[in-house]
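Student: I should like to take a close look at a single part of this structure. Please treat the matter in one connected account.

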Amino acid sequence: MKIKVLIADDEKEFIETLAQRLEMRDFDVTTVDSGGAAIKIAEKINFDVIILDVQMPEINGIDALKKIKEHTPLTPVIMLTGEATVENAIQGMKLGAFDFLIKPTETERLADKIKKAHAYKHANEERIRQAEIENILRTRGW
């Protein structure tokens with residue numbers, strides 16, 4: 001099954017090119033052009049990984065990260081920025097960003113990060129399922 005990726009970036013050419021390159025590597029890619037759109041679609045669709053540009057009009061990537069993590073805390077979010085600042089990176093990581101990459105990034109590097117983020121999410125979901133099973137068995141006295 002393909003890894004479902006959401007990319008939010010307001011640079012149209014960049015996002016189209018990146019989506020094509022990731023689709024060629026067998027990812028299922030959805031794109032949006034704003035942080036607000038990313039929040040709305042992430043509330044409706046369970047993505048394996050979300051990629052957010054830090055600098056977007058209206059709702060920036062950091063604010064979108066906060067909202068997305070409130071709704072889907074297990075979904076890894078990779079932050080992309082053309083204007084890397086230590087403050088943004090620290091703030092994003094404190095809010096639960098999986099990683100922080102500087103644009104332009106090599107497609108292979110990003111694809112590798114997406115695969116690692118997906119594996120991380122899958123492992124966390126499996127740990128939660130195991131804990132739920134153990135809890136059910138314990139409450140039934142098994």
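Which residue with a positive phi follows helix 5? Please begin there and then describe helix 5 and the parts around that helix.

Tutor: The residue is glycine 141, which follows helix 5 and has a positive phi, near 80°. The model is a predicted one, and every value below is to be read accordingly.

Helix 5 runs over residues 107-139. Its 33 residues, at 1.5 Å a residue, should span 48 Å, and the end C-alpha atoms are 48 Å apart, in agreement with that expectation. The buried residues of helix 5 are Thr107, Leu110, Ala111, Lys113, Ile114, Ala117, Lys121 and Asn124. Their cover includes strand 1, helix 1, strand 3, strand 4 and strand 5, the last of these being residues 99-102.

Lysine 113 deserves separate attention. This residue lies in helix 5 and counts as buried because its relative accessibility is 18%, the limit for that class being under 20%. Apart from neighbours within four places in sequence, lysine 113 is in contact with Ile78, Phe98, Asp99 and Leu101. Of these partners, Ile78 belongs to strand 4, which covers residues 77-81, while Asp99 and Leu101 belong to strand 5.

Other positions of helix 5 take part in salt bridges. Side chains of opposite charge can pair when their charged atoms come close. Aspartate 112 and lysine 116 meet in such a bridge, at 3.2 Å from N to O. The two are 4 residues apart in helix 5, and therefore about one helical turn separates them. Aspartate 112 is partly exposed, with a relative accessible area of 35%, and lysine 116 is likewise partly exposed, at 47%.

A second bridge leads out of the helix. Arginine 25 pairs with glutamate 108, and their closest N and O atoms are 2.5 Å apart. Arginine 25 sits in the loop between helix 1 and strand 2, whereas glutamate 108 is in helix 5, so this pair ties together parts that are 83 residues apart in sequence. Both partners count as partly exposed: arginine 25 has a relative accessibility of 31%, and glutamate 108 has one of 47%.

Further along helix 5 comes isoleucine 133, which counts as partly exposed at 43% relative accessibility. Together with Leu137 and Trp142, Ile133 makes a nonpolar surface patch of about 350 Å².

The account now turns to helix 1, which is part of the cover of the buried residues of helix 5. Helix 1 comprises the 13 residues 12-24; at 1.5 Å a residue they should span 18 Å, and the end C-alpha atoms are indeed 18 Å apart. Ile15, Leu18, Ala19 and Leu22 are buried in helix 1. Seen down the helix axis, the buried residues fall within an arc of 100°, so they line one face of helix 1. On the other side, Glu13, Gln20 and Met24 are exposed. The cover of the buried residues of helix 1 includes helix 5, along with strand 1 (4-8), strand 2 (28-32) and strand 4. Each of the two helices thus appears in the cover of the other.

Helix 1 also holds a salt bridge of its own. Lysine 12 pairs with glutamate 16, with 3.9 Å between the closest N and O atoms. Both residues lie in helix 1, 4 residues apart, or about one turn of the helix. Lysine 12 counts as exposed at 57% relative accessibility, whereas glutamate 16 counts as partly exposed at 41%. After helix 1 comes aspartate 26, whose phi is positive, near 75°.

Strand 2 supplies one view of the contacts made by helix 1. Threonine 31 has its place in strand 2 and counts as partly exposed at 38% relative accessibility. Leaving out residues up to four places away in sequence, threonine 31 touches Ile7, Ile15 and Ala19. Among these, Ile15 and Ala19 are buried residues of helix 1.

As to the whole, the structure holds 11 salt bridges. Beyond the pairs described, Asp9, Glu11, Asp53 and Lys103 are linked in a network of salt bridges.

Methods
Residues are numbered from 1 along each chain as its sequence is written. This is a predicted model: local features need pLDDT of at least 70, side-chain atom pairs count only at pLDDT 80 or more; totals for chains, interfaces and linings use all residues. Side-chain values use heavy atoms; hydrogens and water are left out. The expected span of a helix is 1.5 Å times one less than its number of residues. Buried means under 20% relative accessible area, exposed over 50%, partly exposed in between (1.4 Å probe, protein chains only). The arc is that of the directions from the helix axis to the C-beta atoms. Contact means heavy atoms within 4.5 Å. Patches are made of residues with over 30% relative accessible area and no salt bridge: like charges are joined within 9 Å, nonpolar side chains (Val, Leu, Ile, Met, Phe, Trp, Tyr) within 5 Å. Accessible areas come from the Shrake-Rupley method with a 1.4 Å probe; for residues, only the protein chains shown count as cover. A salt bridge is a side-chain nitrogen of Lys or Arg within 4 Å of a carboxyl oxygen of Asp or Glu.
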